[in-house]
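Please find below my note on the model you passed to me, written as numbered points so that each can be checked against the coordinates.

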Amino acid sequence: QVQLVESGGGLVQPGGSLRLSCAASGSSFSSFAMGWYRQAPGKQRERVAVINRGGTTGYVDSVKGRFTISRDNAKNTLYLQMNSLKPEDTAVYYCNDATASMMWGQGTQVTVSS
C-alpha cells in the first residue's frame, strides 16, 4: 500500500510563496493520476490540483494561475508550487491519488496571514 508524507507547509504573508512536497512509498506511484487536496477549518476537503500520468494538469478555479502541480516519478514525489498566496488558501494540504483512494497522510499546514 502506498504511504504518503506531505511537507513544506508553514506561515507565509499574503502574496508569498510555498512549495509543498509529497513523498510516496512504493513502486506504483508513476501509474497513478495524483492530486493535491486541502481542508480548511469547518469546510470539506477539496481537490485543488490534479496531474495525470502523462503530465496533464487541472486546477480548481480558485487557484488557477497561482498554483502549479508537478511530479517527479523517478523520485516518487509530487509537488505543489503555490504563488500569490491569499488568506483563503489557509488549510491543511494533503496529497492522494485523483480519486482519493489511498490512505491519507498527516498533511501539512499552510497558514497565510500578515
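The points below go from the basis of the model to the whole chain, then to its sheets, its core and two residues.

1. Basis of the note. This is a predicted model, in which local features need pLDDT of at least 70 and side-chain atom pairs count only at pLDDT 80 or more, while totals for chains, interfaces and linings use all residues. Residues are numbered from 1 along each chain as its sequence is written, and side-chain values use heavy atoms, with hydrogens and water left out.

2. The chain as a whole. The protein chain has 10 strands and zero helices, where strands (E, at least two residues) and helices (H or I, at least four) are DSSP runs numbered from the N terminus. Its radius of gyration is 13 Å, close to the 13 Å given by the globule rule for 114 residues, so the chain is as compact as a globular protein of that length; the radius is taken over C-alpha atoms, and the rule is 2.2 Å times the number of residues to the power 0.38. Along the principal axes, the C-alpha atoms fill a box of roughly 40 × 25 × 25 Å.

3. Burial and contacts overall. Of the 114 residues, 39% count as buried, a term that means under 20% relative accessible area, with exposed set at over 50% and partly exposed in between (1.4 Å probe, protein chains only). Among contacts (heavy atoms within 4.5 Å) with a separation of 6 or more, 54% join residues that are 24 or more positions apart.

4. The four-stranded sheet. Four strands form an open antiparallel sheet in the order β1-β3-β8-β7, where pairing requires that DSSP finds at least two bridges between two strands. β1 (4-7) and β7 stand at the edges with a single partner strand each, so one side of each is left without a neighbour in the sheet. Neighbouring strands here are turned by 15 degrees against each other on average, direction ignored; the axes are lines fitted to C-alpha atoms, for helices over the stretch in contact, and angles run from 0 to 180 degrees between N-to-C directions.

5. The surroundings of β8. β8 pairs with β3 in the antiparallel sense over six bridges, and cysteine 22 has leucine 78 of β8 as its bridge partner. β8 also pairs with β7 in the antiparallel sense over six bridges, with threonine 68 set against glutamine 81 of β8 as bridge partners. β7 and β8 form a hairpin with four residues between them, and asparagine 76 in that turn has a positive phi of about 50 degrees. Five of the six residues of β8 are buried, so this strand is largely enclosed by the rest of the structure.

6. The six-stranded sheet. Six strands form an open sheet of mixed pairing, in the order β2-β10-β9-β4-β5-β6. Its edge strands are β2 (10-12) and β6 (57-59), each of which pairs on one side only, and the twist from one strand to the next averages 25 degrees. Within this sheet, β4 and β9 pair in the antiparallel sense over six bridges, and tryptophan 36 stands opposite cysteine 95 in β9.

7. The core. The largest nonpolar core has 26 residues, and those with the most contacts inside it are Leu4, Trp36, Leu78, Leu80, Met82 and Tyr93; such a core is a set of buried Ala, Val, Leu, Ile, Met, Phe, Trp, Tyr and Cys residues joined through side-chain atoms within 4.5 Å. At least two residues of this core come from each of β3 (18-24), β4 (34-39), β5 (46-51), β7 (67-72), β8 (77-82), β9 (91-97) and β10 (108-112), and the largest share, four residues, comes from β3. Leucine 78 touches, among residues over four places away in sequence, Cys22, Trp36, Ile69 and Cys95.

8. Threonine 77 and aspartate 72. Threonine 77 lies in strand β8 and is buried, with a relative accessible area of 10%. A polar atom of the threonine 77 side chain lies 2.8 Å from the backbone oxygen of lysine 75. Aspartate 72, found in strand β7, is partly exposed, with a relative accessible area of 23%. Not counting residues up to four places away in sequence, aspartate 72 touches Phe29, Thr77 and Tyr79. The C-alpha atoms of aspartate 72 and alanine 23 are separated by 9.9 Å, with these positions 49 residues apart along the chain as the separation in sequence.

Definitions and conventions. A polar contact is a pair of N or O atoms within 3.5 Å; within protein, one must be able to donate a hydrogen and the other to accept it, and residues adjacent in sequence count only if both atoms are side-chain atoms.
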